[in-house]
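Colleague: I am new to this structure and would like to go through the terms one at a time. Could you show it to me before I begin asking?

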Amino acid sequence: MNVRESKHVERYVRSRGILQQYRKAKQRLLSDNFQAVGFRKRQPKTLNIWYFRITQKYRGHCVWKGDTIIIFDVDDHQ
């Protein structure tokens with residue numbers, strides 16, 4: 001499995017001070033430990049957008065194409 005992210009994602013997590021937690025969550029995705037990060041499909045499920053927990057406050061949004069997860073956004077979900 002591969003995990004890639006768009007260019008602005010790393011800048012966003014650095015500016016929020018959650019780079020360490022983001023890397024840990026990304027490593028868990030690489031090791032197929034989806035339950036540890038709460039990997040779920042967002043509503044409406046027809047859009048095929050997934051999300052995962054980075055911290056209690058931040059979530060990463062991604063799409064799953066073949067064996068590659070592409071992270072396109074991180075946001076404050078509260």
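Colleague: What makes the pair formed by the side chains of Thr68 and Asp67 a polar contact?

Modeller: This is a predicted model, in which local features need pLDDT of at least 70 and side-chain atom pairs count only at pLDDT 80 or more, while totals for chains, interfaces and linings use all residues. Residues are numbered from 1 along each chain as its sequence is written, and side-chain values use heavy atoms, with hydrogens and water left out. A polar contact is a pair of N or O atoms within 3.5 Å, where within protein one must be able to donate a hydrogen and the other to accept it, and residues adjacent in sequence count only if both atoms are side-chain atoms. The side chains of Thr68 and Asp67 make such a contact at 3.5 Å.

Colleague: Why is Thr68 called buried?

Modeller: Its relative accessible area is 12%, and buried means under 20%, exposed over 50% and partly exposed in between, with a 1.4 Å probe and protein chains only, so Thr68 is buried.

Colleague: Which residues beyond its neighbours within four places in sequence does Thr68 touch?

Modeller: With contact meaning heavy atoms within 4.5 Å, Thr68 is in contact with Asn2, Arg4 and Val63.

Colleague: How do you know how compact the protein is?

Modeller: The radius of gyration, taken over C-alpha atoms, is set against a globule rule of 2.2 Å times the number of residues to the power 0.38. The protein has a value of 12 Å, close to the 12 Å that the rule gives for 78 residues, so it is as compact as a globular protein of that length.

Colleague: How many of the residues count as buried?

Modeller: Of the 78 residues of the protein, 33% do.
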